[in-house]
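Hi everyone, thanks for coming. Today I'd like to talk about the enclosed spaces inside one protein model, so let's put it on the screen.

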Amino acid sequence: MAKGAGSAGEPIELRVGDRTVRLSSPDRIYFTERGETKRDLAEYYLSVGDGIVRALRDRPCMLHRFPKGVSGNKVHQKRVPAGAPDWLETTEIYFPRYGRTADELCVTELASVIWAVQMSTVEFHPWNSRRADPESPDEWRIDLDPMPDCPFSRIQRVSHVVAEVLDELGMRGFPKTSGGRGLHIYVRIAPEWGFPQVRRAALAFAREVERRAPKDVTTTWWRKDRDPAAVFVDYNQNTRDHTMASAYSVRGNQRATVSTPVRWDEIDDIAPDDFTIATVPARFAELGDLHAEIDDVAHRLDTLLEWADREDIGEDEDSVEAVDLDEQ
């Protein structure tokens, strides 16, 4: 796959499909506690190519870059910099808070992922809409976010409640680890509603989960008011320009964890740190992409929006505007 590795630190070239991507400083250590390098990071993304491209395809994508490795400063990058290869695809996104636009990366092939790694990207944070209609999400994201004293066993327990409610709605959810201590469940939806409506539906769902598991779950928005041992169902992840690490994205921590698709029937047996850039490639080779069927069905939100109407949930209830991070 690689050629011209040369001496330590010399650039190498990676053949990715029909492209050749130059990787500078391939031996720079990105994860100092483990020893993996920039080249290891690129090799990881090559090993899960189908999965990471499926997770990012045609979505505006924020890049979390770590030019000095994960022990250094993180750069949130929306704008694709000048000098990017002419084959790299982007889409223009408008940010009304500042009255500005940014050309964000839109992954259409694996080479664009490896180009981003060359630019020191560790994490990929895509929108839950696609460039054809960026204001109409086609992905509803359920974020089981643990409070500081919440054990992972509680996340596991709440995931079964989520599965139960989804099953009653006739919806198929696709779970993945967050790469931290939480769990994400993604549901494909018809792109017929805007961000406020999708967020209303997400809040109605979260409150139903809270009703069924009141000792484990909170939907209280303000952190200071939450039980520190509870699972917060973070419905606000469906707000415009709120992004989450994609399936197969590495996380910017020293453990080199990966946000990894899992089967529902294995959630009780996993631990968050099971999935790293060292372990996920073999898992992917054995199981393939567990989210491969995620685009097969797009569900409707009508029932959830009826629940929102029933509870008189407004479009701005507990809403927090997305912070327009540095668009370098």
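I'll go through the cavities and the residues around them. Please keep in mind that this is a predicted model.

How many cavities of 30 Å³ or more does the structure hold? There are three. The largest of them has a volume of about 110 Å³. Its lining is made up of 14 residues, and the ones closest to the centre of this cavity are A55, E139, R188, A247 and H291.

Which elements give two or more residues to that lining? They are the helix α2, at 49–56, and two strands, β11 at 139–146 and β13 at 183–188. The largest share comes from α2, with three residues. As for chemistry, the lining of the largest cavity has six nonpolar residues, five charged ones and three polar ones.

Now for the second largest cavity, which holds about 40 Å³ of space. You can find it on your screens through its lining: W140, R141, I142 and D143, then A202, F205 and A206, and finally V233, D234, Y235 and N238.

Here β11 appears again: this strand and the helix α5, at 195–212, each supply at least two lining residues. What is the largest share of this second lining, and where does it come from? It is four residues, and they come from β11. Sorted by class, the lining of the second largest cavity has seven nonpolar residues, three charged and one polar.

So if you take one element away from this talk, take β11, which gives two or more residues to the lining of the largest cavity and at least two to that of the second largest. Thanks, and I'm happy to take questions!

Key: Residues numbered from 1 in each chain as written. Predicted model: local features only at pLDDT ≥ 70, side-chain atom pairs only at ≥ 80, totals over all residues. Heavy atoms only, no water. 1 Å grid on protein atoms, 1.4 Å probe; cavity = no way out; pocket = protein on both sides within 12 Å on 5 of 7 lines; lining within 4 Å. Points joined across faces, edges and corners; volume = space filled by probe spheres on them. Nonpolar A, V, L, I, M, F, W, Y, C, P; charged D, E, K, R; others polar.
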